[in-house]
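This report covers the internal cavities of the model, followed by the overall dimensions of the chain and a single helix.

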Amino acid sequence: MQIEYIGGFQVFLGVLARFWPVWAALAIVLVASFNFRKHLGLYGQLFDSGVGIAGVFICLFWLFTAIFATRIAPFDPLSQIPVMKDALPGAIEPTSKQIYLLGGDKLARDVFSRMVFGSQIVLIIAPAATAFALMVGITLGLPAGYYGGRIDAILSFLANLVLAFPVILLFYLLVTPGIMDTPIPYAMAGVFFLFPIIFFVTLFYTRFKARPERLYVLVGLTLVLGGWVYAGLVFDADPLGIVSIDPNQLNIFVAVVFASSPGVFRIVRGLTMDIKTRDYVAAAQTRGESPWYIMLWEILPNARGPLIVDACLRIGYTTILLGTLGYFGLGLAPESPDWGTAIKDASRLLRSFIHPALPPTIALMSFVLGLNLLADALREQSMKD
């Protein structure tokens with residue numbers, strides 16, 4: 001069966017047209033953000049520089065792509081149409097007359113649809129794992145820097161022990177298929193996923209312990225929502241079936257949190273040791289505030305600038321790491337549409353067909369570039385503050 005093709009300019013217009021929900025969402029968010037930037041704090045200040053606008057634009061583009069993936073992609077990322085194997089960009093599927101805008105891969109899957117759905121995997125794992133790593137690092141780094149002494153020595157030793165191990169080997173050990181047959185990933189997840197609950201309960205208690213009517217509501221909501229998410233992620237026991245995670249993704253998730261937490265710990269520890277000597281901390285101590293109140297409500301807010309910058313860079317690093325793991329066939333399923341796996345599948349036929357490798361490579365590169373630009377803009381604003 002002979003395959004028909006459309007021209008290159010039509011392919012370009014077709015790709016732009018498929019992203020229409022993203023363009024609409026971007027227009028609404030960017031226009032509203034620019035008009036109200038003076039009331040949006042640090043986020044609004046990003047629109048004072050071209051670097052910040054570019055970083056926000058790229059990151060929001062991929063965020064909205066992940067949100068509207070099912071509407072943007074014309075095909076299921078796993079569906080195969082044999083006649084479209086290694087089809088060039090612009091190929092028209094004979095039966096449905098749908099267009100493989102960026103061509104087909106070696107298994108006759110639509111490259112464009114796989115690139116779009118690959119953004120969902122990246123946008124779920126990388127930011128969420130970074131957020132949990134921040135929770136672990138902050139919860140342990142604050143007391144280490146504030147108290148010092150034996151607490152600091154023990155926690156710093158454990159952090160340095162993890163950092164001393166080669167990261168690639170560490171990930172290789174934690175995401176190999178055999179590890180899922182052991183209770184190690186679930187035990188680690190059970191420990192790491194407790195930290196957000198502990199953090200927010202402590203946060204609310206130190207702030208509202210003198211106002212029990214508000215404290216009980218906030219702590220109750222934290223325990224209910226936290227326990228619901230905890231049960232779904234760790235035990236796959238969400239009664240509503242909303243919160244769940246694939247075992248392969250849980251494996252990668254735990255590995256990222258375990259490897260990233262020590263770095264966050266060291267940053268928070270250093271910032272705490274510096275900030276605790278400031279006058280406003282001494283004033284809080286004079287008022288008789290508790291140590292955890294001072295750590296969470298005096299020190300942590302004044303350390304937010306470097307931590308936000310580190311979070312952006314860490315999400316980019318995690319994205320690259322996910323791509324590396326996918327390239328080596330570790331962690332996610334072989335048929336996964338994540339960008340690393342797509343690059344691996346396409347790299348084996350580069351001499352014959354280069355088009356399947358370009359979209360996921362450009363997607364990965366552009367998303368990390370957007371995060372780096374965002375981090376640069378945030379760094380400039382935090383230095384001004």
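The second largest cavity of this predicted model is lined by Ile121, Val122, Thr319, Leu322, Gly323, Leu332, Asp338, Trp339, Gly340 and Leu364. Helices α6, α15 (304-327) and α16 each give two or more residues to that lining. The largest share belongs to α15, with 3 residues. By class, 6 of the lining residues are nonpolar, 3 are polar and 1 is charged. The volume of the second largest cavity is about 50 Å³.

A search of the whole structure returns 2 cavities of 30 Å³ or more. The largest cavity has a volume of about 160 Å³. Its lining is made up of 16 residues, and those closest to the centre are Asp105, Val111, Ala342, Ala346 and Pro356. Two elements, α6 (111-147) and α16 (339-347), give two or more residues to the lining of the largest cavity. Here the largest share, 4 residues, is that of α16. The class count for this lining is 10 nonpolar and 6 charged residues, with no polar ones.

The table sets out the two cavities.

| Cavity | Volume | Largest share of lining | Lining by class |
|---|---|---|---|
| Largest cavity | about 160 Å³ | α16, 4 residues | 10 nonpolar, no polar, 6 charged residues |
| Second largest cavity | about 50 Å³ | α15, 3 residues | 6 nonpolar, 3 polar, 1 charged residues |

Helix α6 gives two or more residues to the lining of the largest cavity and also to that of the second largest cavity. The same holds for α16, in the largest cavity and in the second largest cavity.

At the level of the chain, there are 17 helices and 3 strands. A compact globule of 385 residues would have a radius of gyration near 21 Å, so the 23 Å of the chain agrees with that expectation. The C-alpha trace spans about 80 × 55 × 40 Å along its principal axes. Of the 385 residues, 50% count as buried. Contacts between residues at least 6 apart in sequence join residues at least 24 apart in 72% of cases.

One helix is described separately. Helix α4 covers residues 50-67, 18 residues in total, and reaches 26 Å from its first C-alpha to its last, close to the 26 Å expected at 1.5 Å a residue. Which residues of α4 are buried? They are Gly52, Gly55, Val56, Ile58, Cys59, Leu60, Phe61, Trp62, Phe64, Thr65 and Ala66.

Technical notes: Residues numbered from 1 in each chain as written. Predicted model: local features only at pLDDT ≥ 70, side-chain atom pairs only at ≥ 80, totals over all residues. Heavy atoms only, no water. Expected span 1.5 Å × (residues − 1). Buried < 20%, exposed > 50% of the residue type's maximum accessible area, 1.4 Å probe, protein only. 1 Å grid on protein atoms, 1.4 Å probe; cavity = no way out; pocket = protein on both sides within 12 Å on 5 of 7 lines; lining within 4 Å. Points joined across faces, edges and corners; volume = space filled by probe spheres on them. Nonpolar A, V, L, I, M, F, W, Y, C, P; charged D, E, K, R; others polar. Rg over C-alpha atoms; globule rule 2.2 N^0.38 Å. Contact = heavy atoms within 4.5 Å.
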